Amino acid sequence: MVQKQKIALILCVVSLAACGMWACGQDNVDPPPPTQDAAGDSAQDVAQDAEVDAPQDVRADTPVDPGLTQGSVRVGDTEVEVVFAPFSLVVRRGDREVATSYSGDEVAYRGLAIAVAPEFSETRWYDPKLVQGDIDDVVVWYQAGQVREGQAQGDGYVFDVATVAQDGAAGPDIRVTLGPSEGSVQLSVACDDPGHVFTNLVLTASQSEGFYGLGEHFDRLDGRGLIRDMQTQAQGDSESAVNEVHVPVHMMISTQLYGLFLDDRAPAAFDLGATHDAAMRVTTASGDAPFRFFTADSPMELIETYAS
């Protein structure tokens with residue numbers, strides 16, 4: 001990681017602590033829901049216990065005996081569990097849930113999804129902060145559906161997954177990998193379709209949750225209600241004609257005490273409850289998107305995990 005980015009991020013968090021943010025926000029953290037029985041299971045345990053359920057929202061020609069349809073990986077006190085058909089993701093710190101996937105029906109790109117442009121053009125700019133509205137005529141969103149094949153691999157899992165649009169149309173397959181990665185748990189999503197435009201991961205944002213990090217900014221520390229671009233780009237309403245993103249850092253810290261690092265340099269955006277107040281969205285143009293989750297007992301511990 002670039003040293004300049006680490007310094008900028010650490011200065012941001014030090015300023016955050018000086019403002020007393022954490023003392024104010026910690027009391028408002030939503031209480032965790034009951035934990036699920038799958039927490040802490042090893043790859044072999046899940047492989048033996050996983051059950052195959054026929055989903056209601058995937059195409060009929062998808063195989064009905066894919067093997068594994070869920071997996072759970074733990075690194076230290078951080079655990080990430082994924083289940084397919086329908087897709088769900090849970091991040092835990094010990095027995096406490098700190099993040100879950102968003103499943104609101106009003107969002108076509110909810111949970112884990114990809115966007116494909118039927119008439120993809122290399123000369124067109126596909127802006128990752130735009131996921132609805134004008135772009136609806138340009139791309140089609142496909143959600144992760146049923147697992148075609150799932151298997152334990154080393155300390156993690158590999159899933160080949162079918163995707164499906166809201167109208168039931170079949171989309172391109174994706175490969176989802178879950179495993180340990182340098183003190184964190186990494187969820188990677190790969191799509192090699194030539195029309196692939198975005199990969200999208202949407203998590204639930206609680207009412208009291210704040211979002212920090214993501215590099216140098218000149219507005220405010222808590223980005224809740226904003227969309228943070230991860231690249232410098234033209235912006236007509238700006239005095240400089242650009243969006244003033246000079247030191248983007250693809251790492252977000254939540255007041256729920258988890259961190260999410262998008263370990264990639266492709267164009268991306270973090271929608272921190274701006275489009276939908278109850279949803280935190282990460283959208284990337286990467287065709288092999290690595291989402292790394294880690295947890296801690298304090299914000300500075302999150303920074304130390306990221307920088308180590």
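This passage describes a four-stranded sheet, the pairing around strand β17, and two buried residues in a predicted model.

Strands in a sheet are held together through backbone hydrogen bonds, and the pairing may be parallel or antiparallel. In the predicted model, an open sheet is built from four strands in the order β1-β2-β3-β4, with antiparallel pairing. The edges of this sheet are formed by β1 (70-75) and β4 (96-100); each has a single partner strand, so one side of each lacks a neighbour in the sheet. On average, neighbouring strands of the sheet are turned by 20° against each other, direction ignored. At the β4 edge, strand β3 (residues 88-93) is joined to β4 by four bridges, and the two run antiparallel. Within this pairing, Val-90 has Thr-100 in β4 as its bridge partner.

A further set of pairings involves strand β17 (residues 288-295). Seven of the eight residues of β17 are buried, so the strand is largely enclosed by the rest of the structure. Strand β9 (residues 184-190) pairs with β17 in the antiparallel sense over six bridges. Strand β14 (residues 258-262) also pairs with β17 in the antiparallel sense, over five bridges. Phe-291 of β17 takes part in both pairings: Leu-187 stands opposite Phe-291, and Leu-262 has Phe-291 as its bridge partner.

Ser-181 lies in strand β8 (residues 174-181). The relative accessibility of Ser-181 is 15%, and this residue counts as buried because the value falls under 20%. When residues up to four places away in sequence are not counted, Ser-181 touches Gln-186 and Arg-292. With Gln-186, the link is also one between side chains, which are joined by a polar contact of 3.5 Å.

Ala-268 is located in strand β15 (residues 268-272). Ala-268 has a relative accessible area of 0% and is therefore buried. Neighbours within four places in sequence aside, Ala-268 is in contact with Pro-128, Arg-228, Asp-229, Met-230, Gln-231, His-250, Leu-262, Thr-283 and Thr-284. Of these contacts, Pro-128 is 140 residues from Ala-268 in sequence, while the C-alpha atoms of the two residues are 5.5 Å apart in space. Leu-262, another contact of Ala-268, is the residue whose bridge partner in β17 is Phe-291.

Methods: Residues numbered from 1 in each chain as written. Predicted model: local features only at pLDDT ≥ 70, side-chain atom pairs only at ≥ 80, totals over all residues. Heavy atoms only, no water. Buried < 20%, exposed > 50% of the residue type's maximum accessible area, 1.4 Å probe, protein only. Contact = heavy atoms within 4.5 Å. Pairing = 2+ DSSP bridges. Axes fitted to C-alpha atoms, helices over the stretch in contact; angles between N-to-C directions. Polar contact = N/O pair within 3.5 Å; in protein donor to acceptor, adjacent residues only side chain to side chain.
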